[in-house]
Amino acid sequence: MGRSILPEGNRLKENFYAVKSMMKPLGLGYQKINMFPNFCMLYYIENAEMTKCMTCGHSRYKPRTGRGKTLVAYKKLRYFLITPRLQRLFMSPRTVEHMIWHQAHHAVDGVMVHPSNGEAWKRFNSVYPNFSAESRNVRLGLCTD
């Protein structure tokens with residue numbers, strides 16, 4: 001199927017390898033971390049050398065077939081490092097305006113147009129005045145439903 005379903009003049013790369021080779025120089029890679037198939041644990045840092053799950057004893061690797069010498073993990077987590085992505089956002093003059101908008105905009109009383117107008121943001125500013133004084137400091141929020 002591939003590119004044949006896309007409209008004429010599309011700019012999609014030919015294959016996955018071409019995309020990877022384009023993305024690598026941008027510094028937006030990821031780190032692979034082996035994990036247990038039932039999501040019990042990650043094989044990371046102090047557990048990096050383990051071959052069986054501490055919780056249930058399941059093997060980390062699939063059984064070898066044929067002459068293959070490479071160990072293949074049942075599951076892999078791809079961890080996208082956030083620091084290089086945030087650094088890239090601050091490199092462009094167009095995106096940096098959006099990254100510091102929360103400090104420059106003027107709030108209208110009673111109207112919430114951005115989380116910076118909310119009580120939680122204002123409370124955070126009062127508790128951590130040194131952090132909030134620098135407009136380039138990034139706040140990550142967690143949303144739950």
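These legends walk through a handful of close-up views of a predicted model.

**View 1. A patch of positive charge on the surface.**
Here you can see Lys-20, Lys-24, Lys-32, Lys-62, Lys-75, Lys-76 and Arg-78 gathered in a positive patch on the surface. Strand E2, which covers residues 75–79, gives the patch its largest share, with three residues. Lys-24 is one of the patch members, and its place is in the loop that runs between helix H1 (16–23) and strand E1 (31–35). Its relative accessibility is 70%, so Lys-24 counts as exposed.

**View 2. Lys-75 and its surroundings.**
Let's pick out another member of the positive patch, Lys-75. Lys-75 sits in strand E2, and at 32% relative accessibility it counts as partly exposed. Setting aside neighbours within four places in sequence, Lys-75 is in contact with Ile-33, Asn-34, Met-35, Phe-36, Pro-37 and Phe-39. Have a look at Tyr-61 too: Lys-75 and Tyr-61 are 14 residues apart in sequence, and their C-alpha atoms are 8.7 Å apart in space.

**View 3. Asn-34 in strand E1.**
This view turns to Asn-34, which is found in strand E1. Is Asn-34 buried or exposed? With a relative accessible area of 14%, Asn-34 is buried, because buried means under 20%. If you skip residues up to four places away in sequence, Asn-34 touches Leu-42, Tyr-43, Arg-60, Tyr-61, Ala-73, Lys-75 and Lys-76. Two of these names come up in other views: Lys-75, from the positive patch, and Arg-60, a residue in the loop between E1 and E2.

**View 4. Arg-60, a buried charge without a salt bridge.**
Arg-60 lies in the loop between E1 and E2. Which side chain of opposite charge is nearest to Arg-60? That is Glu-49, 6.3 Å away, and Arg-60 has no salt bridge although it is buried. A salt bridge needs the nitrogen and oxygen within 4 Å. Leaving out neighbours within four places in sequence, Arg-60 is in contact with Asn-34, Tyr-43, Asn-47, Ala-48, Glu-49, Met-50, Thr-51, Lys-52, Val-72, Ala-73 and Tyr-74.

**View 5. The salt bridge.**
Side chains of opposite charge can pair when their charged atoms come close. How many salt bridges does the structure hold? It holds one, and the partners are Arg-136 and Glu-134, whose side chains meet at 2.8 Å, N to O. Arg-136 has 52% relative accessibility and so counts as exposed. Glu-134, on the other side of the pair, is partly exposed, with a relative accessible area of 30%.

**View 6. A nonpolar patch on the surface.**
The last close-up shows Leu-42, Tyr-44, Ile-45, Leu-77, Tyr-79 and Leu-81, which form a nonpolar patch on the surface. Together they have about 500 Å² of accessible area. Look for Tyr-79 in strand E2; it is partly exposed, with a relative accessible area of 37%. Leu-42 may ring a bell as well, as it is among the residues that Asn-34 touches.

Key
Residues are numbered from 1 along each chain as its sequence is written. This is a predicted model: local features need pLDDT of at least 70, side-chain atom pairs count only at pLDDT 80 or more; totals for chains, interfaces and linings use all residues. Side-chain values use heavy atoms; hydrogens and water are left out. Patches are made of residues with over 30% relative accessible area and no salt bridge: like charges are joined within 9 Å, nonpolar side chains (Val, Leu, Ile, Met, Phe, Trp, Tyr) within 5 Å. Accessible areas come from the Shrake-Rupley method with a 1.4 Å probe; for residues, only the protein chains shown count as cover. Lys and Arg count as positive and Asp and Glu as negative; His and the chain ends are not counted. The place of a charge is taken as NZ of Lys, CZ of Arg, CG of Asp or CD of Glu. Helices (H or I, at least four residues) and strands (E, at least two) are DSSP runs, numbered from the N terminus. Buried means under 20% relative accessible area, exposed over 50%, partly exposed in between (1.4 Å probe, protein chains only). Contact means heavy atoms within 4.5 Å.
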